[in-house]
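Here are a few exercises to work through with the model open beside you. Try each task before you read its solution.

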Amino acid sequence: MATFSRTTTVTTTIHATAEIVWAILTNAEDFSRWNSTITSIDGIIEKGKTIRLKTTLDPKRTFTLKVVEATPPTHMTWKSGQAPFFQGVRTYQVTKKSRDICVFTMTEKLSGLMFPLAAGSIPDFKESFDRYAADLKKEAETIMNIKN
């Protein structure tokens, strides 16, 4: 049912440990400093908690997201909305390639019965996801270089 969903994915190799990347991804207080796509996050980023997020894509809107899965330092999932009507699921994956190199993948799937009605008003996430990944890479590699 491609007309009832849209998926956006970004992947980048980061020359830093998975633990550094995880620490950055789960530190809500610091998110808007390093991430040029996020204007604010309120809440604690851990399993079972709810966060409120504002982005540069829609600065007037606050997204309420639940952290439904968090397996340090490799996997995290955030959800918004209500299935089956309209739901967003964002998955973060950090895969260790060596001691000091990992691959970061972020995927967001928007879906539901109401998706076709909303699809025209939802911007394309590709450019924002590319910036998000580049910002994360820069921050993690800067921290890694300081530690070395």
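**Exercise 1: the core.** Of the 36 residues in the largest nonpolar core, which touch the most other members?

Solution. Keep in mind that you are looking at a predicted model.
- Step one: within that core, the residues that touch the most other members are Leu25, Ile41, Ile45, Trp78 and Phe104.
- Step two: pick Trp78 and set aside its neighbours within four places in sequence; its contacts then include Ile41, Ile45, Ile51, Leu53, Leu65 and Val67. Lys66, Gly88, Val89, Arg90 and Tyr92 are also in contact with Trp78.
- Step three: for background, nonpolar side chains in soluble globular proteins tend to be buried together.

**Exercise 2: an aromatic pair.** Classify the ring pair formed by Trp34 and Tyr132, and say which parts of the chain it ties together.

Solution.
- Step one: the model has nine aromatic pairs in its count.
- Step two: for Trp34 and Tyr132, the ring centres are 5.9 Å apart and the planes meet at 85°. Planes over 60 degrees apart count as edge-to-face, so this pair is edge-to-face.
- Step three: Trp34 belongs to helix α2 (residues 31-34) and Tyr132 to helix α4, so the pair ties together parts that are 98 residues apart in sequence.
- Step four: check burial, for which the cut-off is under 20% relative accessible area. Trp34 has 7%, so Trp34 is buried; Tyr132 has 2%, so Tyr132 is buried too.
- Step five: look at the wider setting, where ring pairs link Trp34 and Tyr132 into a cluster with Phe31, Trp78, Tyr92 and Phe104.

**Exercise 3: the largest pocket.** Describe the volume and the lining of the largest pocket.

Solution.
- Step one: its volume is about 550 Å³.
- Step two: 28 residues line the largest pocket, and Arg61, Phe63, Glu108, Leu110 and Phe125 are the closest to its centre.
- Step three: sort the lining by type, which gives 15 nonpolar, eight polar and five charged residues.
- Step four: find the elements that each supply at least two lining residues, namely β3 (50-55), β4 (63-71), β5, β6 (86-98), β7 (101-111) and α4 (126-147).

**Exercise 4: a glycine in a strand.** Is Gly81 buried or exposed?

Solution.
- Step one: locate Gly81 in strand β5, which covers residues 75-82.
- Step two: exposed means over 50% relative accessible area; Gly81 has 54%, so Gly81 is exposed.
- Step three: not counting residues up to four places away in sequence, Gly81 touches Phe86 and Gln87.
- Step four: compare Val103, which lies 22 residues from Gly81 in sequence and 28 Å from it in space, C-alpha to C-alpha.

Note on methods: Residues are numbered from 1 along each chain as its sequence is written. This is a predicted model: local features need pLDDT of at least 70, side-chain atom pairs count only at pLDDT 80 or more; totals for chains, interfaces and linings use all residues. Side-chain values use heavy atoms; hydrogens and water are left out. Helices (H or I, at least four residues) and strands (E, at least two) are DSSP runs, numbered from the N terminus. Buried means under 20% relative accessible area, exposed over 50%, partly exposed in between (1.4 Å probe, protein chains only). Contact means heavy atoms within 4.5 Å. A nonpolar core is a set of buried Ala, Val, Leu, Ile, Met, Phe, Trp, Tyr and Cys residues joined through side-chain atoms within 4.5 Å. On a 1 Å grid over the protein atoms alone, a cavity is a set of points where a 1.4 Å probe fits but cannot get out, and a pocket is an open set with protein on both sides within 12 Å along at least five of seven lines; lining residues have an atom within 4 Å of a point. Grid points are joined across faces, edges and corners, and a volume is the space filled by probe spheres set on the points. Ala, Val, Leu, Ile, Met, Phe, Trp, Tyr, Cys and Pro count as nonpolar, Asp, Glu, Lys and Arg as charged, and the others, Gly among them, as polar. Rings of Phe, Tyr and Trp (its six-membered ring) pair if their centres lie within 6.5 Å; planes under 30 degrees apart count as stacked, over 60 as edge-to-face and the rest as tilted.
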